[in-house]
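Thanks for sharing this one. Below are some friendly notes to read alongside the model.

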Amino acid sequence: MKKLYFVMALLIVASMILSACAPSAPTAEDCSKEEVFCVGLVTDVGKINDKSFNQSAWEGVQKSQADGVADVVQFIETADAKDYAKNIAQFGDAGYDVIVTVGFGLGEATAAAAATYPGVRFIGVDQFQAETVAGVSGLNFPEDNAGFLVGALAAAMSESHKIGAVCGTDVVPPVWRFGEGYKAGAAYADGMMGSTTEVFVVYHSDVGFDKTFTDPEWGAQTAKSMMDQGADAIFGCGGLTGNGAVTAAAQAGAYGIGVDTDQYLTLPEAAPRMLSSAMKLITPGVADLVAATKDGTIADGNVFGAAGYAPFHDLEGEVPAEVKTMMEDINAGLLDGSITTGVPPVKP
Amino acid sequence: MDWKRFGFIALIIIVLFGTVVMIGQVKQPPVLIITSMLATTIAVATPLTLGALSGVFCERAGVVNIGIEGMMLTSAFFGWLGAIYMFHVFGMGIGISITLGVFFAILTGALMALLHAVLSITFKVDQIIGGTVINILAVGLTGFLNRQLFFGAGSVFGGSVPNSPGVLPTIHIPLREIFTPLCGTSTACLVNLTAINRVFDQKPIAIGAILLVFFSHYILFNTRWGLRTRAVGEHPKAADTVGINVAQMRYLNVLIGGMFAGLAGAYFTIESVPSFEPLLTNGRGFISLAAMIFGNWTPIGAWAASLVFGASQALLINMQIFRDVIPPQWSFLQESYIVGLTPYILTMFILTGIIGKTTPPAADGVPYEK
Amino acid sequence: MQSEKQSNSLTRQILQSVSDASLVPFLAILTAVVVGGVIIKLVGGDPILAYRGLIQGSFGSTKALSETAVWATPYIFAGLAVALAFKGGLFNIGAEGQLAVGAVASSLVGYALPEWLGYDLPIVIHLPLAIIFGVLMGGIWASIVGALKAYTGGHEVINTIMMNYIALNTTSFLLNGVMKDRSPTNVIARTPLIADSARIPPIFDGLRVHWGFVLALLVAFLIWWLLNKTTLGFQIRTVGLNPDAAKYAGINVKRIIILTMALSGMLAGMAGTIEVTGLNYRHELGFSIGYGYDAIAIALLGKSHPLGVVLAAFLFAAMRNGATRMQFLTQMPVDLISMIQAFILLFVAADAIVRYIYRIKAKGERVVLTRGWGG
Amino acid sequence: MAKKPVSSEVKTPIVLEAKEITKQFPGVLANDSVDFDLRKGEIHALLGENGAGKSTLMNLIYGLHHPDKGEIIVNGKTVAIHSPNDSIAAGIGMVHQHFMLIPVFTVAENVMLGDEITKRGSLDRATVAARINEISKQYGLDVDPNAIVGDLPVGLQQRVEIVKTLYRNAEIVILDEPTAVLTPQEAEDLFRIMRDLTGRGVSIIFITHKLKEVLAVADRITVMRAGRVVNTVVPAETNEAQLANMMVGRQVILTVEKKDHAASGDILKVDGLSVRDQRGLETVHNVSFTVRGGEVLGIAGVQGNGQTELSEALTGLREPHGGNVFIDGQDLTSKPPRIITAAGLAHIPEDRQRHGLVMSYTVADNMALCDYYRPPFSNRGVIQQKALDENARKLISAFDVRTPSPFVNAGKLSGGNQQKVIVARELSRSNVKLVIANQPTRGLDVGSIEYIHSEIIKMRDRGVAVLLISAELDEIMALSDRIAVMYRGQIVAIVETKKTTREQLGLWMAGAHAETA
């Protein structure tokens, strides 16, 4: 028993020593002050460093801090859907000025919190509002346009006239819009060039919701399978699963097409064969909205962020001039509405 | 050899392939479909095979290992981390970094296995609980470190994930080059040859896994080591009475098992894709376990069973690729959630013993007390 | 004098037995917390602040306490599910799947029954129906594994894992298909909201803790009573401890295995049901990630005793709930909680390690929780 | 402890000597300063009751356990034996009571295990097989190196064990209760082999509790009791009664007091019963017999001839695949144990720890293991703890169970008292018409054996039918009114005890056919 007390005493002393050299308290406590501009972010169920929408949104928040807009930035990862409200309240109670909630799943909790904390600006990423919610700005993106652009590009560049896309689950509307936009874009390019392109689009819907975006091994195998059957351009749309596909494609010498950001920069393994990326610019979108909040120019309701295609980088020389022209035309057409993808916002 | 079992396995694979060929032939020539599926099957089966071998060595020595999943996950993480450190921090070359990465993964597997061995052999903890501890610990540890090392200010790499030095290269087996003269001028022949060659163009761990299957089978059934390993798993007391150190044999075999799981982990982050994700093993360790049982605790059997799971994954992928040409009467094949159940239902079916009774080693899971 | 001495020693005996039973788990938790603290320190965090956040977030206010109880509710049910199976000699890794099935079933009754009938039901009928249906489905789901074990010897560990995947896939299928919330604004896989008449009311206004929590405590007591005071409990325990003797004693071992699995599944189904009817008012994909594994740790930490399970569930609930506050204060990832829990489980499962560290002698015999593949 | 000199024969050198060996197990002093020696070429019997410390001493010599005190001297040199490796190196081999063979391995694999011959890394099975054939021929052992051990009868398995020791060139062979699984004739055969071995210079330690055998085969006899050596004697100077006295420490009545008793009508009727074992092999073929009220029918036979499956089929633990079982006219074929128990069966199972008891339950719970669901123990599904306790107290005093309280776990009791808990539970039931006792005294001390025998006879005298299954021929002969002999799953003979002899029974146990008496 003596020994027991000795060990316990040792442990207590150890923890005291550990605590002695602790850093000072965070400045989050100052958020209740008027002059301190604080931005908090609540993730959907998942990790902050998911290399996908949670991370992009957080980088947007960080950008606003770097730009001198926000004084204090902070995030909370959600481990379980039932904590949405609690996690938002953590920031609301601490007097944060802007709370970014990421993902459609938080839509209802965000709307409810907007009523509880009327002075706070909420930015809901991927939260489309059917009716305008006071205090909430929903940041949405025309993913189908981005998918349409790279689909047309892939069809135009393919020599085998077989192209593929490896996506997360089609249950998530943005992913579905990427995939369907890709098909529509390829068909549009075929129409322009008189070719017939076969498009394989595979959604990783055979596993649980928690795994569909985080299975690079599956993405790689699926991409390989498509290439084995002749595909020479692979669009990876869906978090890490897609990244696995793009990397596998690039390694096999096919064209890889990234998603969300310019993945030439984030997937160096695939960079040499990265044709382009279907961009959905969450990071600048979030940063812009935070800045708009501070300026007081922000409005309730839906806000549409930018979607487009990334530069060709290393493959600049491989893309023929007429394809480049075509891409510019399509982009312009999509922006002015003369070209439509025909993809509905939600899977019917 | 258990021909009934292998016959059944062959039948399942033929049915799975046949289904895809029948549906896909309107779009692709059968040779292309079959070779593509074979390549997928072998690749998908690689980590399962290695995981199952891990189970075979542990359980043949009498230690149940349901912690394969956790061992794979941790190894995948530390192998990848090792490669990154070697490359970025110590500035080593790409080739050396990824080779060392594989080494780190194997080492990690062995260390996790050591934990399992200490728990189950020294402390005689219930082995299934011990495995569960490893699985839970692996999730927490890799998730935590992945966040802490790579994310946020002050983390080791300054908040961004550095690129992995890359993945192991494909080994080209020059079948096409060798057999091209036989084709003469027939282009169809050349196309087929290229397709067939693709099946054999696999990466080092995938090829290694197949070699290891036969090597392990030989070790287990034809060498002193194997005889003693099986003896401590069947009747440890009998082994003890002829002077075999039961605890030592069990420790070493569990460590070997851990190394196999480690190599499986390396497959994910160093051979297949150069990145790590939390939970990236996605339950493949458990499928390995099922493959081991399906294969009746033999390396070759476990490999054959892993191929079944590989083939069912190939079916799934191809059902999506050929989604638009699936005949209406087979439309259920479009529902990937339902088709995705195939491996799980197959596993449960196998476990009923209908295809032939599986017999675990007699002392599997029983701590040895003198 | 004599009698005083006797009663004194009796009290001491009781105290002794309580402290014997709880000493190792307590030390396991302590050790795990210290190990966790060292790790926080190693990665440059502030352990004291992190733990302060954890405690503030779980016990620091009425709201925090309420939220802890909200977390504890499904944990108690799921923990009891695993513990009951342990008592019957079965290792139920499938609480996760059974929970999902229960949640789907009760949400179906909750939203579809009034539509189907064409009129609203009173709460005294609708709520029990929703709960019972969820519980039953969980039970049926698990009893499939029980039946496979009893009649073919298929091991429940592998089978429950497989059934987890099957449950998750099936749930995804249903929630993306026939059961999906068709309201125009919804884009994710979730059911419509259940009717008001199928909701468990909160205990206090403004707090989320609901009567399901009280129900969980009642059920824990009920399970204790069932196991220790009834012939059914006697049969379950006998089959768990020695199935050969149970067969010899005239117990229908196959039936008891199936029944134990069914009861275990019902408790797990209850965990899912209670989340739907008491808290979320719908079932949504992505909910309940890892409850099944947490439940194993809870059952082990509670030594499969219902009271122990309740206490362990509270501890885990407090840690999960407090994690928000901890994150807010220190930005420590939630994974830290998983890691500390893994250490707790490690030290509880391998109590020899804890005994070794603190030099405590082992008492009593080893309790066999599971058997190898053959059993 | 003074040793008597070996009187008549020429003294050969001492090859093995154990000096002042002491070994403490938790709660038991298993060996208390034991001295023992073995001369070259002799058979030295070590005699004692179960739990006297014989096996412990041998396990210490063989290196499976380590003595707390004392030394072991082989061929004049003190050897440190840390593991069986050391004892094997010192030329010691041991044939364990429970065979140390791996059933799924071949004979050759079992024999070479631990001392493998390899060729370029591979097991050299051919060389090993040749060596086994050689040994087998030399000693007339007749084993096939390629047979799977699990398929061999126990007698042959024992020979494999002997081959194992000879393969390792053992000069000292320890045989632990080798005759327990043999017919009298097979035992004779073994004795011949043993003499053959000693003739070639091998020294043998022969552990047993059977008095007749030691007198027949041993050169010297050392008797142990409660962890100590009582005495060492030579057969010529002693007799059964004296040995028994030394073993137990008091006068032992070697025969069971049994009055002649008229049997009534048939209680148990078995008709054409066939049973399969786990592996699906038919181990009981078309067995028919009856047991009348007030008689003991003993089933003799070497272990593993279908007795286990027969008793399991009769008690409802295993489903027969052919034939019928009637108890008092009621057809109970394939009925579950509970119904058979309700019809009047009391079952003392073969393996008390596996079937008879839940070791971590209290004595009180174990005493109601089969009746927990009935009043007074249960009231509408709720256990009545008071009734359980009362029942336990009553049975503990009635059956003389030595336990500190009814709330002690059964696992804490001694083997004899564990068996008494089972006997008390089974025989105290009110409606018992048939007792099936399978190996009821295996591994027990003499006191408990006597007690259980008397309880069985009491039941018989009350008019209950008793089916006694035992591998101990002496027990069968002492208790039974009639004896049925089982061989390879069949009843080869049924005779009245008075009209037969040990030798005749032995022949039948080895498969000789007979007219049913």
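1. A good place to start is helix α5 of chain D: 11 of its 14 residues are buried, so α5(D) is largely enclosed by the rest of the structure. Please keep in mind throughout that this is a predicted model.

2. Which residues of α5(D) are buried? They are Q157(D), Q158(D), R159(D), V160(D), E161(D), I162(D), V163(D), K164(D), T165(D), L166(D) and Y167(D). Their cover includes the strands β6 (92–95) and β9 (172–176) of chain D, together with the helices α3 (107–112), α4 (125–138) and α6 (184–199) of chain D.

3. The geometry of α5(D) holds up to a simple check. The helix covers residues 154–167 of chain D, and at 1.5 Å a residue its 14 residues should span 20 Å; the C-alpha atoms at its ends are 20 Å apart, so the two values agree. After α5(D) comes N169(D), with a positive phi near 55 degrees.

4. Turning to chain C, its contact with chain B involves 41 residues of chain C and 42 residues of chain B. On the chain C side, two or more residues each come from α5 (123–152), α6 (156–176), α11 (291–301), α13 and α14 (351–358). The largest share is that of α6(C), with 10 residues. By class, this side of chain C has 26 nonpolar, 13 polar and 2 charged residues.

5. How many residues does each chain give to the contact between chains C and D? Chain C gives 16 residues and chain D gives 21 residues. Helices α8 (231–241) and α9 (243–248) of chain C each supply at least two residues on the chain C side, and α8(C) has the largest share there, 5 residues. The side of chain C that touches chain D divides into 6 nonpolar, 6 polar and 4 charged residues.

6. There is also a contact to look at inside chain C. The chain is divided into domain 1, made of 22–42 and 337–368, and domain 2, which is 46–331. The C-alpha centres of these two domains of chain C lie 26 Å apart.

7. Where domains 1 and 2 of chain C meet, 11 residues of domain 1 are in contact with 9 residues of domain 2. On the domain 1 side, α1 (2–42) and α13 (335–349) of chain C each supply at least two residues, and α13(C) gives the largest share, 7 residues. That side of domain 1 has 8 nonpolar, 2 polar and 1 charged residues. Helix α13 of chain C is also among the elements giving two or more residues to the side that touches chain B.

Definitions and conventions. Residues are numbered from 1 along each chain as its sequence is written. Chains are lettered from A and ligands numbered from 1 in the order in which they are written. This is a predicted model: local features need pLDDT of at least 70, side-chain atom pairs count only at pLDDT 80 or more; totals for chains, interfaces and linings use all residues. Two residues are in contact if their C-beta atoms, placed from the backbone, lie within 7 Å. Helices (H or I, at least four residues) and strands (E, at least two) are DSSP runs, numbered from the N terminus. Ala, Val, Leu, Ile, Met, Phe, Trp, Tyr, Cys and Pro count as nonpolar, Asp, Glu, Lys and Arg as charged, and the others, Gly among them, as polar. Domain bounds come from an automatic or database domain assignment. The expected span of a helix is 1.5 Å times one less than its number of residues. A residue is buried if 20 or more other C-beta atoms lie within 10 Å of its own, exposed if 12 or fewer, and partly exposed in between; C-beta atoms are placed from the backbone.
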